[in-house]
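Visitor: Hey, could you walk me through this one? I'd like to click around while we talk.

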Amino acid sequence: MKQPTWGTLASRYATEQRQRKLLALDGGGIRGMITLEILLELEKQLKQELKKGDDFRLADYFDYIAGTSTGAIIAAGLSLGMSVQKLIDFYVAKGEAMFDKAFLANWGHNFYNDKNLTKELKTTFGSGTDLFLTNGEFKSLLLVVTMNRSTDSPWPITNNPFAKYNEPNRPDCNLKIKLYQLVRASTAAPAYFPPETLQWDPDDPEKTFVFVDGGVTPYNNPAFLLLKMATHPAYKLEWKTGEDKLLLVSVGTGASPTPGVYGNFINTLKSLPDNLMYASQVDQDINCRTFGCCAYGAPIDRELGDLVLPEDAIADPKRPKRLFRYIRYNVDLSQEGLDDLELPHIKSQDVRQLDSIKFLPQLRQVGKAAAKQVEISHLGPFV
């Protein structure tokens, strides 16, 4: 059996255990622009604090980056060493093309044609880029969450060379899948885009699977999943846990519960993916705040509050320690939430939808306001 290899990342990963830093990015369609504005501020503050030059990238800081749906696009770009600004430019320039209306003949199946989305992903990530670390293109580990509709199971795909299904000699090795295809599979939101069909083993037609958006799995917020895949022995990384050993930063695309009841068929189809994404992001967030030491996060609900530990409590040596340090950045997209951000001119219904492409400037304003949450002190001993 061929031994796993870290390739060009050996000096970083094939070493003794050290502090590890995880970044998890939610799904949410074009609302990924909110995520990007938050990440832009985080990148800026890290560059200043670490005294790095203009070539500093979030992949230099975070060891493992996960994303679902639009978060998968961002995570893939970051993992390849792209700057946050480059990804913002991509969303601004290509957002309208990616959400190209489906032809009338396709109406009733999907709202959008996937050809432009596939084209832009192929151009951005390369038509030949696979997941092998030996190609030298990746600057960090990557996790992409998608949903295998053929087996009705979530499929989290990683380029961790030690993962069971990443053994290079396997005919169905996950690492052989092209990056743009994997990201396309993760972004195939039901009713919005057609599913993505991939033949996992080129010599076995029975291993041809249909994939849809990872946002319809429990992992639209992939934070707790990423934690498990970084630490559980089954995934063979087994990174050490501890509040001073493991950091997890989770970034959302906006908290967006859909008000009212389901109306007509079309509105129901458009609401369901967002409803599922909202429910799963809250559950994953609660898991992280329960098992991790939460240094920052907005209130979850009136019963739980925010579960944030104040710094004096975090520093208390008598307090039972938790598995990791946790930070959650997100924003409330209700009208009340937008008013609190001093953005009353922006209407909630305009920025809640996954395809609010004509309101991209407003989404950027929301993202910039949300980015004011970011403080380097939240990272504690990891800077």
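Visitor: I landed on Glu311, so what's its relative accessible area?
Guide: Glu311 sits at 47%, so it counts as partly exposed. Buried means under 20% relative accessible area, exposed means over 50%, and partly exposed is in between (1.4 Å probe, protein chains only).

Visitor: Cool. Anything I should know about the model itself?
Guide: It's a predicted model: local features need pLDDT of at least 70, side-chain atom pairs count only at pLDDT 80 or more, and totals for chains, interfaces and linings use all residues. Residues are numbered from 1 along each chain as its sequence is written, and side-chain values use heavy atoms, with hydrogens and water left out.

Visitor: OK, back to Glu311. Which residue does it form a salt bridge with?
Guide: That's Arg325, and the closest N and O atoms of the two are 3.1 Å apart. To count as a salt bridge, a side-chain nitrogen of Lys or Arg has to be within 4 Å of a carboxyl oxygen of Asp or Glu.

Visitor: And where do those two residues sit?
Guide: Arg325 is in strand 9 (residues 325–329) and Glu311 is in helix 10 (residues 311–314), so the pair ties together parts that are 14 residues apart in sequence. Helices (H or I, at least four residues) and strands (E, at least two) are DSSP runs, numbered from the N terminus.

Visitor: Is Arg325 buried or exposed?
Guide: Buried, because its relative accessibility is 4%.

Visitor: How many salt bridges are there by that rule?
Guide: The count comes to 15. Among them is one between Asp63 and Arg12, whose closest N and O atoms are 3.1 Å apart. Asp63 lies in the loop between helix 3 (58–61) and strand 2, while Arg12 is in helix 1 (residues 10–13), so this pair links parts that are 51 residues apart in sequence.

Visitor: Are those two buried or exposed?
Guide: Asp63 is buried, and so is Arg12.

Visitor: Got another salt bridge for me?
Guide: Sure: Asp244 forms one with Lys245, and there the closest N and O atoms are 3.7 Å apart. Asp244 is partly exposed because its relative accessible area is 43%, and Lys245 counts as partly exposed at 39%.

Visitor: New topic: strands. Why is strand 1 said to be largely enclosed?
Guide: Six of the six residues of strand 1 (residues 20–25) are buried, so the rest of the structure largely encloses it. Arg20, Leu22 and Ala24 are buried on one side, and Lys21, Leu23 and Leu25 are buried on the other, which leaves both faces covered.

Visitor: Why do the residues split into two sides like that?
Guide: In a regular strand, the side chains alternate between the two faces of the sheet.

Visitor: Which strands pair with strand 1?
Guide: Strand 7 (residues 246–251) pairs with strand 1 in the parallel sense over six bridges, and strand 2 (residues 64–68) does so, also in the parallel sense, over four bridges. Two strands pair if DSSP finds at least two bridges between them.

Visitor: Who are the bridge partners of Leu25 and Ala24?
Guide: Leu25 has Val251 as its bridge partner in strand 7, and Ala24 has Ala66 in strand 2.

Visitor: Anything else in strand 2?
Guide: Thr68 is found there, and it is buried, with a relative accessible area of 0%. Thr68 and Gly214 are 146 residues apart in sequence, while their C-alphas are 5.6 Å apart in space.

Visitor: What about helices? How many residues of helix 4 are buried?
Guide: In helix 4 (residues 70–79), 10 of its 10 residues are buried, so it's mostly covered. Among the buried ones are Thr70, Ile73, Ile74 and Leu78. Just after helix 4, Gly81 takes a positive phi of about 95°.

Visitor: And helix 8?
Guide: Eight of the nine residues of helix 8 (residues 223–231) are buried, so it is largely enclosed too. Phe224, Leu225 and Met229 are among those buried residues.

Visitor: You mentioned a positive phi. Which residues other than glycine have one?
Guide: Lys51 is one of them, with phi near 55°. Lys51 sits in the loop between helix 2 (32–49) and helix 3, and it is exposed, with a relative accessible area of 74%. Lys236 has a positive phi of about 70°. You'll find Lys236 in the loop between helix 8 and strand 7, and at 47% relative accessibility it counts as partly exposed.
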